[in-house]
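Please open the model in your viewer and keep the sequence panel beside it. This tour suggests what to select next and describes what is there.

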Amino acid sequence: MKSMIVSRKKMAIIIAIGSVITVTSCKQNPLSPGTEFMPDMYRGPALETYGESAFFKDNLSSRKTVEGTVSRGSDPSSSFSYKNAIYQYANNIAGYDSAGVYLKNPLLATEQNIAEGKNLFSKFCDVCHGADGKGNGRLVEIGKFPSPGAFVPKLAMGLNEGKMYHSITYGKGLMGSHASQVSKEERWKLVLYINELIKQAGGNLAIAVDSTTTTNKAK
């Protein structure tokens, strides 16, 4: 009889604790999963795309691949493949000039490559450069960034495919590096499409020449 009374008291205590937990849980943030016991890392921290993270010293949540990484699907046996070759031009003026002289687009200007370049441009470039390459993108219109300028006037300054690829890889001016966002092949497709924009505006990337770089040698 005594043990039955004790059991009933234990049950009453358990019910009371359960009721308190239930009531207090209802008052919490509805988006909160509540208290989790031993989650065993099942739930990872949610980070916004390209957002900040105090976990890393540079506060960037999007991390670059380890230097020398060979992308999946590429052919590591081909040491001369532009996809696997280490980019040999330094992130400085000399490297920029050398890329302009010696670096050539390995892709053909096919309809498919240009179409893919256009798709990439709409995702990564036109927000600043504008859909037609005139430097009037959405971020420029709302005053977030100054205009990067139109592509065609830059022909007089020797803009060519090598320099464009170099700029996409390292960034230039206010534009940051896009090496972690677009692959080497995708960068060349972007160059192909940008050349189409220049042609539509009456210019031609292929004839752009910068006489100040013709004496530089590739490193």
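Leaving aside its neighbours within four places in sequence, which residues is Phe151 in contact with? Select Phe151 and display what surrounds it: with those neighbours left aside, Phe151 is in contact with Phe121, His129, Gly133, Leu159, Ile194, Leu197 and Ile198, where contact means heavy atoms within 4.5 Å. Before going further, please note that this is a predicted model, in which local features need pLDDT of at least 70 and side-chain atom pairs count only at pLDDT 80 or more, while totals for chains, interfaces and linings use all residues. Residues are numbered from 1 along each chain as its sequence is written, and side-chain values use heavy atoms, with hydrogens and water left out.

**The whole chain**

Zoom out and colour by secondary structure, and you will find 7 helices and 0 strands, where helices (H or I, at least four residues) and strands (E, at least two) are DSSP runs numbered from the N terminus. Followed along the sequence, the pattern reads α-α-α-α-α-α-α. Among the contacts with a separation of 6 or more, 55% are between residues 24 or more positions apart. If you switch on the surface, the accessible area comes to about 15700 Å², of which 59% belongs to carbon and sulfur atoms; such areas come from the Shrake-Rupley method with a 1.4 Å probe, and for residues only the protein chains shown count as cover. Of the 219 residues in the protein, 27% are buried, a word that here means under 20% relative accessible area, whereas exposed means over 50% and partly exposed lies in between (1.4 Å probe, protein chains only).

**The nonpolar core**

Next, select Leu103, Phe121, Phe151, Trp188, Leu190 and Ile194, which touch the most other members of the largest nonpolar core, a set of 23 residues. A nonpolar core is a set of buried Ala, Val, Leu, Ile, Met, Phe, Trp, Tyr and Cys residues joined through side-chain atoms within 4.5 Å. Helices α2 (93-102), α3, α6 and α7 each supply at least two residues of this core, and the largest share, 8 residues, comes from α7. In soluble globular proteins, nonpolar side chains tend to be buried together.

**Helix α7**

Now select α7, which has 17 residues and should span 24 Å at 1.5 Å a residue, since the expected span of a helix is 1.5 Å times one less than its number of residues. The C-alpha atoms at the two ends of α7 are 25 Å apart, which agrees with that expectation. Its buried residues, including Arg187, Val191, Tyr193 and Asn195, pack against α3 and α6. Beyond the helix, look for Gly202, which follows α7 and has a positive phi, near 95°.

**Salt bridges**

How many salt bridges does a search of the whole structure find? The search finds 4, where a salt bridge is a side-chain nitrogen of Lys or Arg within 4 Å of a carboxyl oxygen of Asp or Glu. Select Glu116 and Lys189 to see one of them, with 2.2 Å from N to O. Glu116 lies in helix α3 (residues 111-124) and Lys189 in helix α7 (residues 184-200), so this pair ties together parts that are 73 residues apart in sequence. Glu116 is partly exposed, at 27% relative accessible area, whereas Lys189 is buried, at 9%.

Stay on α7 and select Lys199 and Glu196, whose side chains meet in a salt bridge at 3.7 Å, N to O. These two are 3 residues apart in the helix, so about one helical turn separates them. Lys199 is partly exposed, with a relative accessible area of 40%. Finally, add Glu185 to your selection, because salt bridges that share partners join Glu116, Glu185 and Lys189 into one network.

**Two last stops**

Move to Ala131, in the loop between α4 (126-129) and α5 (138-141). Is Ala131 buried or exposed? At 54% relative accessibility, Ala131 counts as exposed. Apart from neighbours within four places in sequence, Ala131 is in contact with Phe121, Asp126, Tyr193 and Leu197.

End at His166 in helix α6 (residues 161-170), which at 3% relative accessibility counts as buried. Residues up to four places away in sequence are not counted here, and those that His166 touches include Tyr87, Asn91, Tyr96 and Gly171.
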